[in-house]
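Colleague: I am new to this structure and would like to learn how to read it. Could you walk me through a few features?

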Amino acid sequence: MRPPEPLLALHSVSRDFDVSRPWLNRVLEREPRRTLRAVDRVSFEVAKGETLALVGESGCGKSTVARLVAGLYQPTEGRVEFRGRRLQMIFQDPYASLNPRWRVRKIVAEPLRFATSKHSQTEITSRVHRLLTQVGLSPDDAERYPHEFSGGQRQRISIARALAGEPELLLCDEPTSALDVSVQAQILNLMSELQERLGLTYVFISHNLAVVSLVADRVGVMYFGRIVELAAAADLFARPRHPYTRMLLDAVPDLGMSGKPRTPVAGEVPNPLSPPPGCAFHPRCPHANARCQAEAPRFSNGVACHAVEEARI
Amino acid sequence: MTILTVENLTVQFPTRRGILTAVDSISFAIAPGEVLGVVGESGAGKSMTGLAVIRLLEPPGRIAAGEVRLEGRRIDNLPHEEMRRIRGRRIGVIFQDPLTSLNPLYTIGQQLEETILTHLDISPRAARERALSLLKEVGIPAPEARYQNYPHHFSGGMRQRVVIALALAAEPRLLIADEPTTALDVSIQAQIITLLKRLAAERGAAVMLITHDMGVIAETAQRVAVMYAGRIVEIGPVREVIHAPRHPYTVGLMGSIPRISADQRRLVQIEGAMPRLNAIPPGCPFNPRCPKRFARCVAQRPELLPAGASRAACWLHAPA
């Protein structure tokens, strides 16, 4: 039951980065320009009120997707379509993302300065107090500086600031990865409460599959700049289809201590400057055959894998 | 015979505003071939404990009380020069960031050879052979080809393997690994965990595995010590601590970890935060956040008491 108009849609979005050596080196050593494709034909839609998670290992392009959605990067190809009015970001590092010289009042009120309607000073103050209460801080905290807060409290300030602009979409890039587990639990609970209360839509980027299984309605698994599998969270975690998804799930330490045998995965993510031909995962894939080495699989029916398409696995 | 014995270890930092106690009278032991996990949140004192054992505390931090014994011999009061020989020879150390343990200006072959020649009385040729076999053992593909490479040629996971090879170079009896997999991706993390486990089992070394990640401990350790505000609040077999935690803090900690299998929408939440070192409450340090607090918790500090197969520092387990 998807509403006809998604809030956010990416249509085959790619992003290249120029990683050429300096001009003089290129001329002297007769090297061509070199580009690195960080995001490769990524398409997905996000419906209003849902949480889409993008998961993958470092360097898979998930943060680049977030920046493309936020408009911090322009896509090299493809189109990002946002049908809402405002979106906001929450970043991983709550130490780097708050201005240390500003009081919390000023930090949280900053998005209000760009609001369409002008607010009086008393309106802004009461707004800031309400936002701080909403994220579990006290109105008195408005007069303090970021350094007086712990990591978890700073992340609450980031969330309050993001909410100040009344966004429809929140882009969360590893919002709890720098936090201790008990603090992470507080922030994740807060985020799900806010979603219920305010009808927010989240694009949630994380490397942590357990966190993703908790927050996401749908999950996109990224490998080497592409989405290799996209499915409802319940399906993905119960029946992973792509060999890479299976490998990731297998690699998560098992807290239940069921003693299930783990198949350790050999190999690492390939160097993006010399991508392997065919499917980017084939050097690590137990199901790879000649076709996988030669031909990149198309994304169809929720997964990009020859073996799945040919019903070999 | 235990390899590492720590008794009533206390680490303090004298500051202008008074003395801060980062590790408060903790005791534990690790047997040969055993992996003891030390888990806790930032500031709980787990890394301080590791640094105190190897005597690498940054001044003004110092061991204020207690004893550390390695194979029965006291090492907390040895002169620095002697301690330096023990580190590397008898105790291997692995830190979170492999780049802090590797010199960027030397090839990994040179670094391994130097470490081996410093600690073992063997010929340079034998040292080279040993270095190559260590690289092979930790799973570096084509060690002969990688021998002349510098640390920056390696990926994060491969660097951590080189650091493990360095830590193992002199056949240490004790391995201290402080967040060895935290900077790595899950697939690489699984490889490193498998490696650590195999090394402990095959070489009979004792491993102290310090991490905030209970999943890593569940996979690797036999016993686990849970730290809170500089104290061990619970210690016992891993399975027991995970499935039947006895201390209210451990109960909250276990509930706050998201799990893939569970159909959960909300995590258990421990209200508040761990106290700062200058504001540790009297009695049980967890009492202001504890849902089961009663009068004694505020008045009197609990020692580790038997609780099931574990021991927990909680008055709920006081004999009636």
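Modeller: Gladly! Let us begin with pairing: two strands pair if DSSP finds at least two bridges between them. Helices (H or I, at least four residues) and strands (E, at least two) are themselves DSSP runs, numbered from the N terminus. This is a predicted model, where local features need pLDDT of at least 70, side-chain atom pairs count only at pLDDT 80 or more, and totals for chains, interfaces and linings use all residues. Residues are numbered from 1 along each chain as its sequence is written, and chains are lettered from A and ligands numbered from 1 in the order in which they are written.

Colleague: In which sense do strands β9 and β10 of chain B pair, and over how many bridges?

Modeller: Strands of a sheet pair through backbone hydrogen bonds, either parallel or antiparallel. Here, β9(B) (residues 223-228) and β10(B) are antiparallel, with six bridges. Within this pair, Y228(B) sits opposite R231(B). Two residues lie between the strands of the hairpin, and A229(B) has a positive phi near 50 degrees there.

Colleague: What other strand does β10(B) pair with?

Modeller: Look at β12(B), residues 310-312, which joins β10(B) in the antiparallel sense over two bridges. There, E234(B) has A312(B) as its bridge partner.

Colleague: How many residues of β10(B) are buried?

Modeller: The idea is to count neighbours: a residue is buried if 20 or more other C-beta atoms lie within 10 Å of its own, exposed if 12 or fewer, and partly exposed in between, with C-beta atoms placed from the backbone. In β10(B), residues 231-237, six of the seven residues are buried, so the strand is mostly covered.

Colleague: Now a helix, please. What span does α5 of chain B reach?

Modeller: The expected span of a helix is 1.5 Å times one less than its number of residues. Helix α5(B) runs over residues 124-137, and its 14 residues reach 20 Å from first C-alpha to last, close to the expected 20 Å. You can try the same reading on α4(B): its twelve residues reach 17 Å, close to the 16 Å expected.

Colleague: Which residues of α5(B) are buried, and where do they lie around the helix?

Modeller: The buried ones are A127(B), A131(B), L134(B) and L135(B). They lie on the same side of α5(B), because they cover an arc of only 95 degrees around the axis (the arc is that of the directions from the helix axis to the C-beta atoms). On the face turned away from that buried side you will find the exposed residues R125(B) and S133(B). After the helix comes G139(B), with a positive phi near 90 degrees.

Colleague: What covers the buried residues of α5(B)?

Modeller: Contact is the idea to use: two residues are in contact if their C-beta atoms, placed from the backbone, lie within 7 Å. The cover of α5(B) includes α4 (108-119), α6 (143-146) and α7 (156-168) of chain B. Turning to α4(B), its buried residues include I108(B), L112(B) and I116(B), and their cover includes α2 (80-89), α5, α6 and α7 of chain B.

Colleague: How many residues does each chain bring to the contact between A and B?

Modeller: Chain A brings 32 residues and chain B brings 36. On the chain A side, α6 (181-198), α7 (209-215) and α9 (243-251) each supply at least two residues, and α6(A) gives the most, with seven.

Colleague: What is the order of strands in the open sheet of chain A?

Modeller: The six strands follow the order β5-β6-β7-β3-β8-β9, and the pairing is mixed. β5 (87-90) and β9 (226-232) of chain A stand at the edges with a single partner strand each, so one side of each has no neighbour in the sheet. As for the edge strand β5(A), it pairs with β6(A), residues 169-173, in the parallel sense over four bridges. In that pair, M89(A) stands opposite L171(A).

Colleague: Which backbone details should I look for in the loops?

Modeller: Try the cis peptide bond between P59(B) and P60(B), where omega is about 10 degrees; P60(B) is in the loop between α1 (46-53) and β4 (62-70) of chain B. In chain A, E166(A) has a positive phi of about 50 degrees although it is not a glycine. E166(A) lies in the loop between α5 (151-164) and β6 of chain A, and counts as partly exposed because it has 13 C-beta neighbours inside 10 Å.
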